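Welcome, and thank you for looking at this model with us. Please take a moment to turn it around before reading on.

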Amino acid sequence: MALPKYDQIAGDLRGKIVRGELAAGQALPSERELTDLWKVSRATVVKALDVLRLESLIETRQGTGSLVKERVPLARTAGERYATAVATGNIHTAGEYAEILSAELLPAPKHVATGLGIDTGDSVVRRHRVTFEGETPTATSYSWFTAEVGEAAPRLLQREWVREGTTRYVEMQTGRRPHTGRDWWSARLATEDELELLRLNGPAAVAEARHVAYDAEGKALTFEVGITPAGRWARTEEYSMGH
């Protein structure tokens with residue numbers, strides 16, 4: 001079932017803010033412009049903007065309209081990072097960069113094998129990174145690929161930053177375009193390694209997101225696990241609770 005129009009509008013604007021297409025202090029399109037663009041009533045646009053205000057993404061000033069608030073701590077999904085790479089050629093937004101900690105061939109653990117649709121113990125490529133905003137670590141993440149994908153995309157085994165992002169790079173090397181993404185979310189206590197990488201004082205909560213990107217044939221392109229500190233907003237959902 002399609003999302004309500006106001007939720008679609010909020011989602012579109014939220015994505016542009018998260019990807020850095022709408023920077024802090026920048027004005028959103030006016031209510032009239034959004035009304036014309038989406039072919040909806042002003043009330044629908046107002047409701048969409050109310051959602052973004054509640055999420056502390058925007059603020060409205062008399063005579064100025066709605067502006068993007070100063071950067072809030074956000075946890076960008078793998079799908080949003082891919083969209084950024086397609087749109088800009090760069091996986092990161094302004095101020096972001098990644099330190100690649102490892103790029104190696106390993107036997108697939110059970111959860112990775114399940115995600116990639118292969119057998120436990122099969123050879124897979126694993127890339128481990130820490131992402132920073134300025135000097136602050138915002139996430140540590142792992143990307144896993146089958147050995148077949150690794151052969152077609154050799155940069156995956158180099159301990160170097162892939163500017164366009166690994167999923168986009170795999171698409172360019174193999175011709176297999178991401179068609180569907182599936183995400184799982186969980187909250188837990190950080191491990192000792194995560195406390196050190198994210199510069200947290202333990203015990204500390206983190207969010208873990210597992211992501212699989214599938215091609216048009218339903219075959220997994222990549223399996224990713226991202227860990228972010230508590231307090232970074234990842235997503236919101238609104239749904240009917242009526243009878």
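Here is a walk from the overall form to a few local details.

A word first on how to read it: this is a predicted model, in which local features need pLDDT of at least 70 and side-chain atom pairs count only at pLDDT 80 or more, while totals for chains, interfaces and linings use all residues. Residues are numbered from 1 along each chain as its sequence is written, and side-chain values use heavy atoms, leaving out hydrogens and water.

Let's begin with the whole chain. It has 8 helices and 8 strands; these are DSSP runs numbered from the N terminus, with H or I and at least four residues for a helix, E and at least two for a strand. Along the principal axes, the C-alpha atoms fill a box of roughly 60 × 45 × 40 Å. The radius of gyration is 19 Å, which agrees with the value near 18 Å for a compact globule of 243 residues. That radius is taken over C-alpha atoms, and the globule rule is 2.2 Å times the number of residues to the power 0.38.

How much of the chain is buried? Of the 243 residues, 44% count as buried, where buried means under 20% relative accessible area, exposed over 50%, and partly exposed in between, using a 1.4 Å probe and protein chains only. Contacts (heavy atoms within 4.5 Å) often span the sequence: among those between residues at least 6 apart, 56% join residues at least 24 apart.

Now look inside. In soluble globular proteins, nonpolar side chains tend to be buried together. A nonpolar core here is a set of buried Ala, Val, Leu, Ile, Met, Phe, Trp, Tyr and Cys residues joined through side-chain atoms within 4.5 Å. The largest such core has 18 residues, and those with the most contacts inside it are I9, L13, L28, L49, L52 and I58. Helices α1 (5-18), α2 (31-38) and α3 (42-54) each supply at least two residues of this core. To follow one member, find L28: leaving aside residues up to four places away in sequence, L28 touches L13, L22, L49, L52, I58, S66, L67 and V68. A second, separate core of 17 residues includes V112, L198, Y214 and I227.

Rings offer another stop. The structure holds 1 aromatic pair, meaning rings of Phe, Tyr or Trp (its six-membered ring) with centres within 6.5 Å; planes under 30 degrees apart count as stacked, over 60 as edge-to-face and the rest as tilted. Y97 and F132 form this pair, which is stacked, at 5.1 Å centre to centre with 10° between the planes. Because Y97 lies in strand β3 (residues 96-107) and F132 in strand β4 (residues 123-133), the pair ties together parts 35 residues apart in sequence. Y97 is partly exposed at 36% relative accessible area, whereas F132, at 5%, counts as buried.

Finally, visit the loops. Between α8 (192-197) and β7 (205-214) you will find P203, and the peptide bond from G202 to P203 is cis, with omega near -5°. R199 lies in that loop between α8 and β7 too; its phi is near 55°, a positive value in a residue other than glycine. K39, in the loop between α2 and α3, also has a positive phi, of about 55°, although it is not a glycine. K39 counts as exposed at 73% relative accessibility, and R199 counts as exposed at 55%.
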